[in-house]
Number of protein chains: 6
Amino acid sequence: MFRHTDYLQFDVAPEKPDPVYARKLQELLGGAYGEMTVTMQYLFQGWNCRMDGKYKDLIMDIATEEIGHVEMIATMVARLLEGAPATESTQAAAADPVVAAVLGGMDPQQAIISGGGPVLADSNGVPWNGRYIVASGNLLADFYANVTAEAQGRVQTARLYNMTDDPGVKAMLKFNLARDTYHQNTWLSAIEELKADGLEGTIAPNALFDEEYTEHAETLWHLSDGTQADQGRWASGTAPDGAHTNRFLANPQPLGDKASAPPPDPKLYATYDGSRGDPTPASIGTEKGFLGKVKDALEPDK
Amino acid sequence: MFRHTDYLQFDVAPEKPDPVYARKLQELLGGAYGEMTVTMQYLFQGWNCRMDGKYKDLIMDIATEEIGHVEMIATMVARLLEGAPATESTQAAAADPVVAAVLGGMDPQQAIISGGGPVLADSNGVPWNGRYIVASGNLLADFYANVTAEAQGRVQTARLYNMTDDPGVKAMLKFNLARDTYHQNTWLSAIEELKADGLEGTIAPNALFDEEYTEHAETLWHLSDGTQADQGRWASGTAPDGAHTNRFLANPQPLGDKASAPPPDPKLYATYDGSRGDPTPASIGTEKGFLGKVKDALEPDK
Amino acid sequence: MFRHTDYLQFDVAPEKPDPVYARKLQELLGGAYGEMTVTMQYLFQGWNCRMDGKYKDLIMDIATEEIGHVEMIATMVARLLEGAPATESTQAAAADPVVAAVLGGMDPQQAIISGGGPVLADSNGVPWNGRYIVASGNLLADFYANVTAEAQGRVQTARLYNMTDDPGVKAMLKFNLARDTYHQNTWLSAIEELKADGLEGTIAPNALFDEEYTEHAETLWHLSDGTQADQGRWASGTAPDGAHTNRFLANPQPLGDKASAPPPDPKLYATYDGSRGDPTPASIGTEKGFLGKVKDALEPDK
Amino acid sequence: MFRHTDYLQFDVAPEKPDPVYARKLQELLGGAYGEMTVTMQYLFQGWNCRMDGKYKDLIMDIATEEIGHVEMIATMVARLLEGAPATESTQAAAADPVVAAVLGGMDPQQAIISGGGPVLADSNGVPWNGRYIVASGNLLADFYANVTAEAQGRVQTARLYNMTDDPGVKAMLKFNLARDTYHQNTWLSAIEELKADGLEGTIAPNALFDEEYTEHAETLWHLSDGTQADQGRWASGTAPDGAHTNRFLANPQPLGDKASAPPPDPKLYATYDGSRGDPTPASIGTEKGFLGKVKDALEPDK
Amino acid sequence: MFRHTDYLQFDVAPEKPDPVYARKLQELLGGAYGEMTVTMQYLFQGWNCRMDGKYKDLIMDIATEEIGHVEMIATMVARLLEGAPATESTQAAAADPVVAAVLGGMDPQQAIISGGGPVLADSNGVPWNGRYIVASGNLLADFYANVTAEAQGRVQTARLYNMTDDPGVKAMLKFNLARDTYHQNTWLSAIEELKADGLEGTIAPNALFDEEYTEHAETLWHLSDGTQADQGRWASGTAPDGAHTNRFLANPQPLGDKASAPPPDPKLYATYDGSRGDPTPASIGTEKGFLGKVKDALEPDK
Amino acid sequence: MFRHTDYLQFDVAPEKPDPVYARKLQELLGGAYGEMTVTMQYLFQGWNCRMDGKYKDLIMDIATEEIGHVEMIATMVARLLEGAPATESTQAAAADPVVAAVLGGMDPQQAIISGGGPVLADSNGVPWNGRYIVASGNLLADFYANVTAEAQGRVQTARLYNMTDDPGVKAMLKFNLARDTYHQNTWLSAIEELKADGLEGTIAPNALFDEEYTEHAETLWHLSDGTQADQGRWASGTAPDGAHTNRFLANPQPLGDKASAPPPDPKLYATYDGSRGDPTPASIGTEKGFLGKVKDALEPDK
């Protein structure tokens with residue numbers, strides 16, 4: 001359960017409105033790596049966590065913080081839109097290059113849909129969606145996803161930092177940049193902690209190593225014609241997991257047969273000349289449970 | 001430019017068809033972390049790379065390999081669908097529990113749309129889309145995204161490995177698991193290489209550290225009531241970037257003013273009682289270029 | 001800013017797992033009228049509210065509650081998935097009709113993507129998206145949207161209530177049904193309050209009545225051949241807004257000219273025989289600002 | 001079955017083209033609350049209506065009218081695009097601020113995809129989709145959705161009315177505003193009619209009141225720190241449904257246990273330390289039908 | 001403007017309900033090539049048509065017919081869902097394999113969202129969207145799109161025809177198949193008519209042939225290793241447009257330079273070692289209009 | 001399996017950057033008929049092809065070529081963005097109309113997300129998705145889809161050709177136009193080849209002609225009021241398939257009963273007055289397999 005205070009986590013005080021920037025800032029709100037994504041990603045990771053204790057507590061602390069970041073950006077967008085020339089006609093806008101520049105760069109839906117506020121979408125107006133989040137239940141895999149989210153988020157924030165002169169906006173972004181720095185450090189720390197606790201190794205998931213083909217777990221297949229791909233540490237030496245030796249496969253050959261699709265069901269009208277015969281029936285039904293016994297009892301000759 | 005051979009990168013030889021599994025396998029084809037995502041992610045990273053040499057060459061080698069993985073999964077789906085009871089009527093299916101179970105678990109679009117082949121969608125039929133890929137131009141941030149993609153991909157592949165008994169399918173997945181292992185090692189190696197080359201540090205982007213608020217780059221805000229969030233290395237000691245000291249903020253307070261939206265433009269019909277006055281115009285237009293000079297010359301009194 | 005307790009708002013205690021129902025319940029989590037929608041709808045309405053006081057406070061109270069409902073449903077889905085036969089092979093499932101029935105009705109992504117937890121999607125696996133929410137800044141319009149969301153939500157919850165026998169699941173839904181009842185009453189109350197406060201009338205937005213064509217604001221256009229459309233109170237008597245008289249237009253005629261598209265720009269290659277002449281240029285640029293003065297000064301003969 | 005006349009329902013006669021406005025108007029065509037939505041929403045409600053007579057006839061009359069509104073907006077967009085500078089190069093546009101303002105504000109797809117006509121998308125180019133419509137079969141819930149659609153639609157139309165000076169465009173919008181006014185009155189009337197007919201009450205669906213927890217159907221949970229949420233009629237007095245008494249819960253406490261996810265299936269590789277034991281199998285299969293009898297007969301000791 | 005009769009264009013009379021088939025039939029309603037697509041595609045083509053007369057009249061006739069097909073499929077879905085076991089619990093369903101098979105194959109949203117009716121989505125529940133339609137204004141290109149839509153539609157209808165035994169459903173599909181046959185013939189006829197009228201040739205758009213590189217308009221680039229691609233009429237002889245000679249390019253070589261991205265803007269933080277120097281400014285602004293004159297007058301030395 | 005060379009298929013050498021055009025060009029990259037669509041469409045058609053030989057070889061040759069076109073457009077976008085004023089603040093942009101025009105027309109995500117490179121989206125920023133592709137397995141239907149894709153693609157390319165003055169960009173587009181011309185000819189040739197090989201006729205699929213209602217396969221239903229729809233060859237004479245005679249149905253009447261939905265399941269809460277009685281149970285379960293025998297044996301009196 002959650003509680004809320006109307007006070008913002010940090011200052012959201014633009015010196016003056018800037019409706020063009022209000023559109024760009026949508027990326028940090030509803031973009032693939034905006035605040036909405038980290039909020040829902042961490043909440044779902046926390047709820048999907050299978051152990052009580054420090055990992056779950058860490059995730060829920062940061063998840064709860066991120067909802068407050070959504071609030072900050074949403075508020076900033078509204079404040080940047082104050083007094084925007086959204087209701088100027090084209091004729092008026094075209095008469096004044098400054099107004100025209102602003103109108104051309106605005107998100108029309110911030111006016112038409114929201115009445116001067118944010119939408120839950122990115123800087124091109126594409127709505128945020130639930131496929132942006134990662135919550136696999138595997139903490140190593142998810143913590144890498146979290147490092148990624150904070151890294152992409154900080155890259156985007158840093159770019160947006162350079163797109164404004166407004167000291168108030170910059171002040172808020174200095175806070176966001178700092179949080180993104182801390183959170184990158186946090187998730188990297190959490191990966192180390194997982195290893196220290198013996199819960200995960202370097203590769204996610206840390207299982208099935210006995211099953212996978214080891215010889216294919218060590219080679220870079222050289223399939224493009226760049227000449228320097230063998231010059232990094234991915235091409236020789238011990239791999240980061242400590243268990244493999246990196247190698248370079250200079251002229252890899254296909255190991256499988258020719259790609260082909262099987263004979264089609266004629267009732268599905270795939271074009272077919274019959275050259276491959278009829279399709280094999282799907283061979284399921286070698287039942288091993290009680291139903292097979294029933295079937296055997298009733299239809300012994302089948 | 002690309003060239004193609006019909007021979008598959010690895011064996012794609014199911015022992016027998018299994019149309020239910022063919023649906024599940026769609027996740028590795030058109031899911032958020034399926035082969036399509038890594039293919040396009042690496043291609044766009046390679047094309048967006050700003051330096052010739054080993055990094056770009058590495059990316060293009062793996063990107064080219066991944067198109068072949070899309071081909072493998074697409075072929076496997078078609079082969080698993082051979083002889084599927086897709087055209088059985090409901091009445092016939094309901095009369096035979098085995099057929100019914102198969103029909104209930106199939107993806108209807110594999111029959112209706114593709115005529116017994118794969119669709120470019122995930123295991124729930126949602127189409128793959130271009131927002132799944134990451135190609136920011138910042139190699140550190142993108143290589144973390146690549147580790148993530150390979151980690152999530154291996155987790156999903158490992159889960160799918162446990163959902164089949166077919167030795168032919170398992171053989172292919174053993175290859176995929178191995179490649180995911182190698183590629184996780186690869187991108188982790190590439191991150192080390194970036195650092196060794198002095199191109200990037202630990203935090204992406206490795207810039208603006210002088211600008212961001214350092215005091216907010218070190219603290220875990222404790223906003224949930226779990227009691228153990230202060231027990232990991234994210235809460236004390238030196239951070240992974242070597243430049244910060246992790247700390248725990250036990251009772252964080254909001255630092256900003258009350259969240260509020262500014263007075264609205266009356267022509268946008270937001271409900272408003274006038275208590276906050278009229279909106280401030282968007283203050284842009286303190287032109288610094290030649291247009292300002294024109295304006296000054298023509299309208300000196302404005 | 002938000003704070004969180006790990007304790008759930010209400011009991012989430014299924015008597016036993018039910019992975020088929022776990023799929024259906026996704027509709028209340030990530031469907032168009034699920035808990036995620038009301039959470040984000042109310043948060044954005046609160047942040048977009050232009051007045052301090054009771055309306056905003058009401059909205060924020062309920063918004064904060066709804067995040068807790070997302071938490072409840074997400075937890076219920078995970079608990080219903082405990083011990084699910086997600087990793088059974090098709091062959092094993094087909095051998096046991098009960099297992100087959102369960103597998104056929106499960107959401108495969110709850111296993112493959114989430115490892116036995118919820119996804120942020122609806123009961124068909126389509127991800128939740130930001131276009132589901134309504135936050136126009138016009139409180140009357142938005143409160144009707146809120147009544148709608150709670151009504152559709154309660155209808156769906158009631159249907160789901162009838163799809164389970166589990167007393168623990170039913171107990172949670174009894175709580176959800178009650179909250180949906182209260183929230184429907186709440187938003188209807190808030191509409192009354194708006195009117196009592198003189199902030200809004202019956203029609204949103206309560207403006208431009210002098211501009212719109214009154215004669216077209218009173219008539220039902222009879223365009224289908226059902227014979228009883230004139231028998232409801234929408235066809236006669238005073239309208240709910242108290243300002244119009246409902247009427248029935250039995251044989252409406254088109255009032256406009258023939259639908260047609262204008263002559264095309266030849267560079268856009270629309271098929272065209274030239275019969276309508278050349279296109280009229282877009283007539284914008286009758287500048288009224290300083291730029292027009294410049295243009296006049298420099299090109300007086302244009 | 002439908003019939004069509006080429007004559008438009010109302011005048012669609014812009015005084016002059018305005019390609020920037022043509023983009024904004026897309027919101028009324030393919031936006032979440034544009035004409036496409038009400039068309040399909042009412043059609044599906046009519047087809048999903050379970051009773052012949054006045055309600056169905058009303059819905060089909062309005063649904064049929066709305067297709068004509070889609071036609072009007074589509075035609076207006078094409079006419080506003082006549083002579084648009086869509087094929088001007090950037091260099092030419094940049095040389096003329098008026099042209100630049102127009103080009104910057106245009107929807108590029110109206111030129112590239114449609115050749116100077118409308119697209120089936122909103123003002124940011126996001127395509128219309130079928131999740132925008134509501135047709136639950138429950139008329140009370142759906143009529144509230146209809147009020148919402150007409151209210152949001154009129155709010156957006158009113159905003160767009162203020163964004164143009166063109167008397168021809170304004171004339172068409174005066175018609176649209178009037179229809180939105182009438183349709184809001186219509187659906188509010190229809191809600192009254194439902195009650196008068198004894199078909200529905202105030203809360204949708206009007207069922208399960210005996211099942212839901214009454215004590216949770218009356219209270220506002222105070223979870224944010226605004227101080228005035230208890231000052232509206234939602235916090236005291238009789239609720240609109242006449243059956244409940246509104247109350248204010250000043251300090252609500254969580255009523256459930258701690259949120260947690262159950263022990264995971266090890267084959268799904270969720271990170272887990274084993275502290276919660278093994279997962280409970282999904283307890284379905286206490287068959288009550290004939291299959292249970294078979295099982296008992298064949299496997300009496302299980 | 002449109003008018004509607006409640007009578008269906010053709011019989012929609014299933015012999016008995018079949019809820020599993022009701023899900024599959026969604027593909028013809030809301031799939032990429034379902035009735036919704038052709039309805040909106042033809043309506044938008046008609047509204048976007050730049051000439052009065054036979055082409056526009058043809059398009060509008062068929063467009064109007066197709067709305068009636070949407071109505072037919074929507075009605076069929078509802079009728080197939082009559083008495084569906086949608087509200088059976090998992091336990092009850094699992095006890096009866098027939099019920100379980102039906103439940104496993106149903107679309108849960110047809111029950112939860114629509115209350116036993118259709119949704120505007122495809123057979124996997126993905127909503128229909130406006131990008132499915134084609135209306136470019138170029139009639140040749142669009143008529144090929146129409147042939148495609150009718151061909152894919154007939155293929156899917158034929159597949160669905162084989163998935164049911166119900167004589168009532170088959171009767172309706174016999175009508176749909178016939179209409180798809182006629183409409184394929186229609187659009188092929190219309191392509192011939194365009195040529196006979198001298199409005200279009202074989203290639204869309206029939207323009208810029210003098211501009212394009214003729215030598216690249218005649219060759220098949222052999223980039224895969226199949227050996228028979230040179231054995232069809234696409235590899236030799238006169239092309240269908242009568243203006244080109246097909247040829248086979250057995251060993252095509254890349255004609256361009258190495259793919260590379262230019263030096264990045266340092267403020268965007270792309271990883272860069274500086275080896276390619278600084279980026280070239282975007283060279284626009286060689287103004288040719290009056291603004292350039294102003295600039296020259298005011299800043300003669302720039 | 002694929003191999004790659006860094007050399008581009010053709011020159012991608014803009015004379016100078018043009019960031020506004022870089023946005024428009026996204027349509028050819030990630031639009032519904034951009035290079036991404038034909039790449040994936042042809043790849044999936046090739047993998048879904050049921051016959052070895054010339055058709056599959058042709059498809060794979062062109063598919064492989066198209067990946068190279070994606071590469072070309074992606075590279076062109078990056079080169080057009082060199083030195084773009086993406087990091088200019090609104091204030092600076094508003095001061096210079098040229099910069100303002102550029103900024104207003106740019107895609108903000110090309111800077112914020114990609115750091116000066118392409119996104120996998122169209123010219124309005126909507127991501128490419130997997131539903132754009134067609135690969136039904138029926139070659140006649142798919143080859144028409146391919147003609148369509150190349151025709152729409154060439155129309156869009158031709159429009160874009162007219163939107164730039166840059167000789168380098170135009171040079172690349174001259175190549176693309178030529179390939180689109182050849183590929184239109186190719187797929188039209190392939191349709192002829194199919195007929196010559198006796199694999200398909202004119203109508204897809206070339207089956208079920210004996211089943212469909214012939215009388216409905218020949219008539220144009222006149223449902224709009226245009227007067228010239230009977231004046232094309234679609235209304236009389238022999239149809240293109242040589243098997244039907246086109247006719248005009250001047251006053252078509254509905255042939256079905258009244259559209260209506262059946263009585264609802266009361267547990268789904270559709271509004272209902274009971275006038276149509278209770279719903280008929282879904283009549284499936286007349287088992288014909290061994291399960292029916294079991295049921296009969298165990299419950300002989302049912």
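How much area is buried between chain D and chain F, and what percentage of it do carbon and sulfur atoms give? In this predicted model, the area buried between the two chains is about 3,900 Å². Carbon and sulfur atoms give 56% of that area.

The contact between chain D and chain F involves 50 residues of chain D and 49 residues of chain F. A single salt bridge is found across this interface. It joins the side chains of D52(D) and R276(F), with an N to O distance of 2.7 Å. Polar contacts link 21 residue pairs across the interface of chain D and chain F, counting pairs with both residues at pLDDT 80 or more. Six elements of chain D each supply at least two residues of the side that touches chain F. They are the strand β1 (2-4) and the helices α4 (90-95), α5 (97-105), α6 (108-112), α7 (139-161) and α9 (290-298). By class, this side of chain D has 26 nonpolar, 15 polar and 9 charged residues.

The interface of chain B and chain A was examined in the same terms. Here 131 residues of chain B are in contact with 130 residues of chain A. Together the two chains bury about 11,600 Å². Of this area, 60% lies on carbon and sulfur atoms. Salt bridges between chain B and chain A number 10. One of them pairs the side chains of D257(B) and R79(A), at 3.3 Å from N to O. Polar contacts connect 71 residue pairs across this interface, again with both residues at pLDDT 80 or more.

On the side of chain B that touches chain A, at least two residues come from each of α3 (54-80), α5 (97-105), α7 (139-161), α8 (167-196), β2 (219-221) and β3 (247-249). The largest share comes from α8(B), with 17 residues. The residues of this side divide into 63 nonpolar, 36 polar and 32 charged.

Within chain D, A32(D) offers a local view. A32(D) sits in the loop between α1 (19-30) and α2 (35-47). Its relative accessible area is 12%, so A32(D) is classed as buried, the cut-off being under 20%. Beyond its neighbours within four places in sequence, A32(D) contacts E27(D), T37(D) and Y132(D). A32(D) and W128(D) are 96 residues apart in sequence. In space, their C-alpha atoms are 7.1 Å apart.

Conventions:
Residues numbered from 1 in each chain as written. Chains lettered and ligands numbered in written order. Predicted model: local features only at pLDDT ≥ 70, side-chain atom pairs only at ≥ 80, totals over all residues. Heavy atoms only, no water. Helix = DSSP H or I, 4+ residues; strand = E, 2+ residues; numbered from the N terminus. Buried < 20%, exposed > 50% of the residue type's maximum accessible area, 1.4 Å probe, protein only. Contact = heavy atoms within 4.5 Å. Buried area = accessible area lost by both parts, 1.4 Å probe. Salt bridge = Lys/Arg side-chain N within 4 Å of Asp/Glu carboxyl O. Polar contact = N/O pair within 3.5 Å; in protein donor to acceptor, adjacent residues only side chain to side chain. Nonpolar A, V, L, I, M, F, W, Y, C, P; charged D, E, K, R; others polar.
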